[in-house]
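Work through the exercises below with the structure open beside you. Try each task before you read its solution.

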Amino acid sequence: MVRAHEAGWAHAEGALRGPAWLREPADPNALVEHLWSTNVAKDASGELTVAGVPVSRIAEEHGTPAYVLDEDDFRGRARAFRDGFAGWDVYYAGKAFLCTAVARWVAEEGLCLDVCSEGELAVALRAGVDPARIGFHGNNKSVRALRRALEVGVGRIIVDSFHEIERLTELTTGAGRRAPVMIRVTAGVEAHTHEYIATAHEDQKFGFSITSGDALEAARRVLAADGLELRGLHSHIGSQIFDSAGFEVAAKRVLALHARVASELGHTMLETDLGGGFGIAYTTQDDPSTPAVLAAEMRAIVEHECRGLGIAVPHLSIEPGRAIVGPSTFTLYEVGTVKEVALDGGASRTYVSVDGGMSDNIRTALYDADYSCTLASRSSEAAPELARVVGHHCEAGDIVVKDEFLPGDVAPGDLLAVPATGAYCRSMASNYNHALRPPVIAVRDGLTRVVVRRETLDDLLATDVGGSEE
């Protein structure tokens, strides 16, 4: 534990040694394999390759920064969830990262798709995803978005408020259509994750509280509406979850409500969705479960609870996003400057600045997230040194990797790669400082292709319609 110091964090005991879980490597060139996608390796020269393609070629052809997506790895992880959760519906959570190519891969691998905005729905439809295999989330869906969802025939709409139930009722009344509805509930579970990505405790914006009675009342109102069809309940306990304990508590409470709706309201719901949030390895401190293990544990939990309640096991679904796309992607940067900053007491810190930053990965600043990285363009004989990888934005919190051991001779022009950046990096990317958002480069069988192109200055200026002064 690093104790606070009145003169600032840099003066605290142990502040410059990195976190306790970070160990100095014997060889700073070696990859920690479980942090990277299946087809990533280093060749004899120490250069990082993906599906046989060296990163220097990717940088030369597509520039940096760039998100590099291992297509076979993505597809393999999608299949692992499909097969591990056989008999369940697996909805890929598009908010983690979505483009038409990814939506197409998801459909081709037999998964459904979860969207949470009109824009994500448009991408899914453009990719040719069957609307009946799309679930529509969101805590504040507009009338226009709901109308579009009804027009195309999405398979389920997850309602999140009484106002939304009213909107859907108005849209379906007299329209000759019925809306398939699931109710988003909060199970009162405190998931062991960052406050901003824990979504099942009571004090947050999502869903209807089971404890307060709002969830039961929501079911009552949906059942009273002629144009709504109550399919089931939906629960999501948070993100970056590494064990099934939280799911166990949530399932117990959700299934108890399921039984209560049947006994008190006379309606047997056919479905239950336990959400996603399955964790991935960002650093050596993370040890995620496999889809097969998760499936076995969650299936046992549900069956045990249903036996105790005397109800049939409903049709089940989950929503992995990060666990599929996160490990499949790394971000490739070029080093611009290396600066050793002298601190009080004879200490110093090495800052390695790259050509991206918080505009392409906001998670470190927003969630205090930890990442790893490696020198990607060459091998080095230099001893490892603790460094901090930062971006080029005018913001002190513009940090990509808080602490990592890199070879001591890292220099301008070197390439660095940060693994596990497929989820919530490109999807949350911004134009801060008028930065141009990076491309997404899919790699497969020795070939690269652009699935999301790099933004240009023309793109940036196209939305600025102020014109010149007259």
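**Exercise 1: Burial of a strand**

Task: Is strand β9 mostly covered or open, and what holds for its two faces?

Solution. Take residues 179-186, which form β9 in this predicted model. Count the residues under 20% relative accessible area, the cut-off for buried. Eight of the eight pass, so β9 is mostly covered by that cut-off. Now split the strand by side. One face carries Ala179, Val181, Ile183 and Val185, and these are buried. The other face carries Pro180, Met182, Arg184 and Thr186, and these are buried too. Both faces of β9 are covered.

**Exercise 2: Strand partners**

Task: Find how β9 pairs with β8, β11 and β10, and give a residue pair for each.

Solution. Start with β8, residues 156-159. It pairs with β9 in the parallel sense over three bridges. Here Ile157 stands opposite Val181 of β9. Follow the chain between these two strands. It leaves β8, passes through helix α6 (residues 162-172) and reaches β9. This β-α-β crossover is right-handed.

Next, take β11, residues 228-235. Its pairing with β9 is parallel and spans seven bridges. Arg184 has His234 in β11 as its bridge partner.

Last, take β10, residues 208-209. Again the sense is parallel, with two bridges to β9. Val185 faces Phe208 of β10 as its opposite residue.

**Exercise 3: One face of a helix**

Task: Which residues of helix α1 are buried, and how are they arranged around its axis?

Solution. Helix α1 covers residues 55-62. Its buried residues include Val55, Ile58, Ala59 and His62. Look down the axis of α1: the buried residues fall within an arc of 100°, so they line one face of the helix. Then step past the end of α1. Gly63 follows, with a positive phi near 80°.

**Exercise 4: The whole protein**

Task: How many helices and strands does the protein have, and how does its radius of gyration compare with the globule rule?

Solution. The secondary structure comes to twelve helices and 21 strands. The radius of gyration is 24 Å, close to the 23 Å that the globule rule gives for 470 residues, so the protein is as compact as a globular protein of that length. Along the principal axes, the C-alpha atoms fill a box of roughly 70 × 60 × 50 Å. Check burial next: 52% of the 470 residues count as buried. Then check contacts between residues at least 6 apart in sequence. Of these, 70% join residues at least 24 apart. Finish with the surface. The accessible area is about 20,500 Å², and 49% of it belongs to carbon and sulfur atoms.

How values were computed. Residues are numbered from 1 along each chain as its sequence is written. This is a predicted model: local features need pLDDT of at least 70, side-chain atom pairs count only at pLDDT 80 or more; totals for chains, interfaces and linings use all residues. Side-chain values use heavy atoms; hydrogens and water are left out. Buried means under 20% relative accessible area, exposed over 50%, partly exposed in between (1.4 Å probe, protein chains only). Helices (H or I, at least four residues) and strands (E, at least two) are DSSP runs, numbered from the N terminus. Two strands pair if DSSP finds at least two bridges between them. A crossover is right-handed if, with the strands pointing away from the viewer, the path from the first strand over the helix to the second runs clockwise. The radius of gyration is taken over C-alpha atoms; the globule rule is 2.2 Å times the number of residues to the power 0.38. Contact means heavy atoms within 4.5 Å. Accessible areas come from the Shrake-Rupley method with a 1.4 Å probe; for residues, only the protein chains shown count as cover. The arc is that of the directions from the helix axis to the C-beta atoms.
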